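The following note sets out comments on the surface, the charged pairs and one helix of the entry below. Each point may be checked against the coordinates.

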Amino acid sequence: MPDKRQPHHSHDKGYRELLSSKRAFLELLKTFVREEWAKDIDEDSLVRVEKSYILQDFSEKEADIVYRLKTKGNDVIFYVLLELQSTVDYLMPFRLLLYMVEIWRDIYNNTPEKERRRKGFRLPAIVPAVLYNGRRSWTACRSFREYQAGHERFSGYLLDFSYILFDVVRYSEEDLYGAANVVSSVFYLDQTVDPLELVVRLRKLAGVLKGMTPEQFRQVTVWLKNVIKRKLPVHLREEVERVLEENDPREVEKMITNIERALDEMKRQAVMEGVLRGKAEGRAEGEARGKVEKAQDAICKYLRRRFGDASAGLQQKVREMASLEVLDGVMEELFAANTLEEAQAIIRDGMERFMQ
């Protein structure tokens, strides 16, 4: 049975909370669905279905939103799957079919048997949709018929449906900015993964945000609080959440400035961490280089004392071996060398090991 489940990821939660508002959901349809029927829907005819139909197999990575549109004589179900992942799932037509069947099964099981047996009984139409914010182009089949092998030959007899795709990243900045509503503003902000670019976009949206009602503005800031967590380091999340909680549409500039200050602090800390890390790595590298040079000096000193000027070429090769492990092995073997030829063989083998 379907149940009420909370989405597991902050991005899913952000969009789920946003689209739980009938007004925001209506904005989604009217702004991004180019169909005549979308223009005729009003807020009073929409009813949020307080259930999730995500199957247990996918409960860790998916979220959905469901609305019932009450029309004269016929109900229509809008089912939106929040596909907020970086990769395209080519199973999408089949997954949507499974969820649609779950909805129909739920409605059928909750309809009195007498009503179900009527000749005029009909299941409600379901309009499936996918909200996707991945950076890769959406290349999954857009219809269920295309998902079936051999559909070209038997198309007239096959189950088929298409789904609406809300492709967040592919909408133009101009269109989103021009729409000037809650959902288009959220899409506009979601198109960037860079926290600093987020501030730039917030500044551009300042005029739109100032013109929102307190409730609309709250919807944008709640979405930001849920989503901004993945864009910021842990130590700054609480600070930015606090900033978002304290402001209203009249204080947009103050909110943006405070977020910018938090991000500037993040940049300063990142630079400082990089400098400190570089110094630590430099010290470690210097210490290792010092040990190699000491080993080279010891071997060259031994060669010079044992074989004199005839070992000059061998000493040069020793200076080329920058591996402390190889140098230690060469030194140990050289103590057993009785002739210059034996020393040459040992150093030649050492060079081969170093070059591997």
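Which residues make a nonpolar surface patch of about 250 Å²? The points below begin with that matter and then turn to charge; the model is a predicted one.

1. Nonpolar patch. Leu-91, Phe-94 and Tyr-147 make the nonpolar surface patch, which covers about 250 Å². Leu-91 is found in the loop that runs between strand E3 (75-83) and helix H4 (92-109). With a relative accessible area of 38%, Leu-91 is partly exposed.

2. Negative patch. Six acidic residues, Glu-325, Asp-328, Glu-332, Glu-333, Asp-349 and Glu-352, form a negative patch on the surface. At least two residues of this patch are supplied by each of helix H15 (324-334) and helix H16 (340-355). Helix H15 gives the largest share, namely 4 residues. Glu-325 is located in helix H15 and is exposed, its relative accessible area being 70%.

3. Salt bridge between Lys-51 and Asp-106. Side chains of opposite charge can pair when their charged atoms come close. Here the side chains of Lys-51 and Asp-106 meet in a salt bridge, with an N to O distance of 3.0 Å. This pair links distant parts of the chain, 55 residues apart: Lys-51 belongs to the loop between strand E1 (46-48) and strand E2 (63-70), and Asp-106 to helix H4. The two partners should be described separately as regards burial. Lys-51 is partly exposed at 29% relative accessible area, whereas Asp-106, at 6%, is buried. Asp-106 counts as buried because its value is under the 20% limit.

4. Salt bridge between Asp-297 and Arg-319. In this salt bridge the closest N and O atoms are 2.6 Å apart. Asp-297 lies in helix H13 (residues 252-307) and Arg-319 in helix H14 (residues 312-320), so the pair ties together parts separated by 22 residues in sequence. Both partners merit a statement of accessibility. Asp-297 is partly exposed, with 41% relative accessibility, and Arg-319 is partly exposed at 39%.

5. Salt bridge between Glu-115 and Arg-118. The side chains of Glu-115 and Arg-118 also meet in a salt bridge, 2.9 Å from N to O. Glu-115 has a relative accessible area of 32% and is partly exposed. Arg-118 counts as partly exposed too, at 43% relative accessibility.

6. Overall count of salt bridges. How many salt bridges does a search of the whole structure find? The search finds 16. The pairs described in points 3 to 5 are examples, and a further group deserves mention. Arg-68, Lys-70 and Asp-75 are joined into one network by salt bridges that share partners.

7. Buried side of helix H9. Helix H9 (residues 195-204) contains the buried residues Pro-195, Leu-198, Val-199, Arg-201 and Leu-202. These residues lie on the same side of H9, because the arc they cover around the axis is only 165°. A description of this helix should note that Arg-201 is among the buried residues.

8. Asp-44 and Leu-69. Asp-44 is placed in the loop between helix H3 (36-40) and strand E1. Asp-44 is exposed, with a relative accessible area of 72%. How far apart in space are Asp-44 and Leu-69, C-alpha to C-alpha? The distance is 9.2 Å, with a separation of 25 residues in sequence.

Conventions
Residues are numbered from 1 along each chain as its sequence is written. This is a predicted model: local features need pLDDT of at least 70, side-chain atom pairs count only at pLDDT 80 or more; totals for chains, interfaces and linings use all residues. Side-chain values use heavy atoms; hydrogens and water are left out. Patches are made of residues with over 30% relative accessible area and no salt bridge: like charges are joined within 9 Å, nonpolar side chains (Val, Leu, Ile, Met, Phe, Trp, Tyr) within 5 Å. Accessible areas come from the Shrake-Rupley method with a 1.4 Å probe; for residues, only the protein chains shown count as cover. A salt bridge is a side-chain nitrogen of Lys or Arg within 4 Å of a carboxyl oxygen of Asp or Glu. Lys and Arg count as positive and Asp and Glu as negative; His and the chain ends are not counted. The place of a charge is taken as NZ of Lys, CZ of Arg, CG of Asp or CD of Glu. Buried means under 20% relative accessible area, exposed over 50%, partly exposed in between (1.4 Å probe, protein chains only). The arc is that of the directions from the helix axis to the C-beta atoms.
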